[in-house]
Amino acid sequence: MDVNEAWFARAQQVIPGGVNSPVRAFRSVGGTPRFLRRGEGPFVWDEAGVRYIDYVGSWGPAIAGHAHPKIVEAVRAAACDGLSFGAPTVREVEFAERLCALLPSLEMVRLVSSGTEATMSAIRLARGVTGRPLLVKFEGCYHGHADSLLVKAGSGALTFGHPSSAGVPEAIAQQTVVLPYNDSAAVEALFAERGDEIAAVIVEPIAGNMNLVRPVPGFLEALRRLCDRAGAVLIFDEVMTGFRVGLTGVQGLTGVTPDLTTLGKVVGGGMPLAAFGGKRALMEHLAPLGPVYQAGTLSGSPVAVAAGLAALDLITQPGFYDALEANAAKLVAGLTQAAAAAGVPFAADSVGGMFGIYFAAKVPTSYAEVTACDGERFKRFFHGMLARGHYFAPSAFEAGFVSAAHGDAEIAATIAAAEAVFAELAR
Ligand code: PLP
């Protein structure tokens, strides 16, 4: 038994499945999760001392690389001033001001500690403001693990949703309708039938939880138009894409402005920090100004906000996203070329610092197309790369991430390893 296996066995005695978030357990690829001891720049090291080039980046936050000295120093300094007060601080005001200045949809913002809290609170706000119950979400999008969101599609497009997790009451799931991503006609039909019941539409404006799936032209615009017409709230869940695809989110890239936006991951610089915000007229319905309750003992944690401010300093440097985007594009082009040379059906895509790899002939545009990719080939690719020191997400349904700390040498090494792995896959 190697050291990772030993820790995994021990972990499973005291932590369900040995992990504190299911995807970490490697269930969809098999094998033993690596227990990570340390990270620096583009690298992580496991408990056996093996170094990996990391394309998970803590599932998105590590955009400047692991343990960036500026972020670590900001955290150290803030911690020395006191870990938490449960009272307002100057830093959180500065942070909120900077978020509002950067993202087109934000006039006001509230800080929370996880993406789940951000989406859950945004949905409560939308329901509170509209006085309507229904939530519309899309197949393949993930918005955290609040009850209203752990819902899968019913049998017909317009039927009520069903719980996708035990413990979610049917009565709650029935307040969520799940539609196919990129299917404007399905949204239009639902609005035609039940528009006056719909509180909100929540969408990953570029999906990153069914691998990477872009919105087809006109999809986000259709959501905007239908919400406007029906008086429903449009929520862009930019927990993953916010400051990952560029400095102004998908809303900046597409010019479609949501009513509410949720943020997480990159905004916290690696600390537990997330946010939701939007139009002043909506946000002023939150307690203590309005009747929609929302709170948190550690919300706006001074240490987390210090990390977030330091991360914002880094990503607002001129050229930051050009370099990040070039890294992701180089990786994707190299992998695609290597797969083609080996004759393995493969496609890849990237936006800013996030990328998708698909064992399929073309880049998918729906959850159905993502699930039709060759999962067995993905597993073999994943393990082949891991064995060679390249740490990709242990699931075919997750987007990958590069950081600004990934250099040409790391990306070239990963492509070289992939050439060998694709050659094995072709056999
Ligand atoms: N929304 C999106 C788009 C996400 O990708 C995630 C997490 O992966 C969440 C919400 C939930 O965030 P958290 O895991 O911080 O609760």
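Trainee: Which residue is covered by the UniProt annotation "modified residue: N6-(pyridoxal phosphate)lysine"?

Mentor: The structure discussed here is a predicted model. The annotation itself is taken from an unreviewed UniProt entry. The residue that it covers is Lys-265.

Trainee: Where is the place of Lys-265?

Mentor: Two strands frame the position, namely β11 (260–263) and β12 (274–278). Lys-265 is found in the loop between β11 and β12.

Trainee: Does Lys-265 count as buried or exposed?

Mentor: A residue is buried if 20 or more other C-beta atoms lie within 10 Å of its own. Lys-265 has 27 C-beta neighbours inside 10 Å. Because of this number, Lys-265 counts as buried.

Trainee: With which residues is Lys-265 in contact, leaving aside its neighbours within four places in sequence?

Mentor: Once those sequence neighbours are set aside, a list of contacts remains for Lys-265. These contacts are Trp-59, Gly-60, Pro-61, Gly-115, Val-239, Met-240 and Arg-244.

Trainee: Which residues come nearest to the ligand?

Mentor: The ligand has 16 residues around it, and they divide into 5 nonpolar, 9 polar and 2 charged. Helix α4 (residues 115–130) provides the largest share of this shell, 3 residues. Those that come nearest are Ser-114, Gly-115, Thr-116, Gly-144 and Val-239.

Trainee: How far apart do the C-alpha centres of domain 1 and domain 2 lie?

Mentor: The domain assignment gives domain 1 as 3–67 + 318–426 and domain 2 as 69–315. Between their C-alpha centres the distance is 26 Å.

Trainee: Which element gives the most to the side of domain 1 that touches domain 2?

Mentor: The contact takes 27 residues from domain 1 and 29 residues from domain 2. On the domain 1 side, α11 (320–342), β13 (347–351), β14 (354–358) and α12 (367–371) each supply at least two residues. That side divides into 18 nonpolar, 7 polar and 2 charged residues. With 4 residues, the element that gives the most is β14.

Trainee: What should the 14 residues of helix α10 span?

Mentor: The helix covers residues 302–315, and the estimate uses 1.5 Å a residue. The end C-alpha atoms of α10 are 20 Å apart, which agrees with the expected span of 20 Å.

Trainee: Against which elements do the buried residues of α10 pack?

Mentor: Helix α10 is mostly covered, with 10 of its 14 residues buried. Among them are Pro-302, Val-303, Gly-308 and Ile-315. The buried residues of α10 pack against α2 (69–80), α3 (90–102) and α11.

Key
Residues numbered from 1 in each chain as written. Predicted model: local features only at pLDDT ≥ 70, side-chain atom pairs only at ≥ 80, totals over all residues. Near = placed C-beta within 6 Å. Nonpolar A, V, L, I, M, F, W, Y, C, P; charged D, E, K, R; others polar. Domains from an automatic or database assignment. Contact = placed C-beta atoms within 7 Å. UniProt positions renumbered as here; feature names shortened; annotations may be inferred. Buried ≥ 20, exposed ≤ 12 C-beta atoms within 10 Å, placed from the backbone. Expected span 1.5 Å × (residues − 1).
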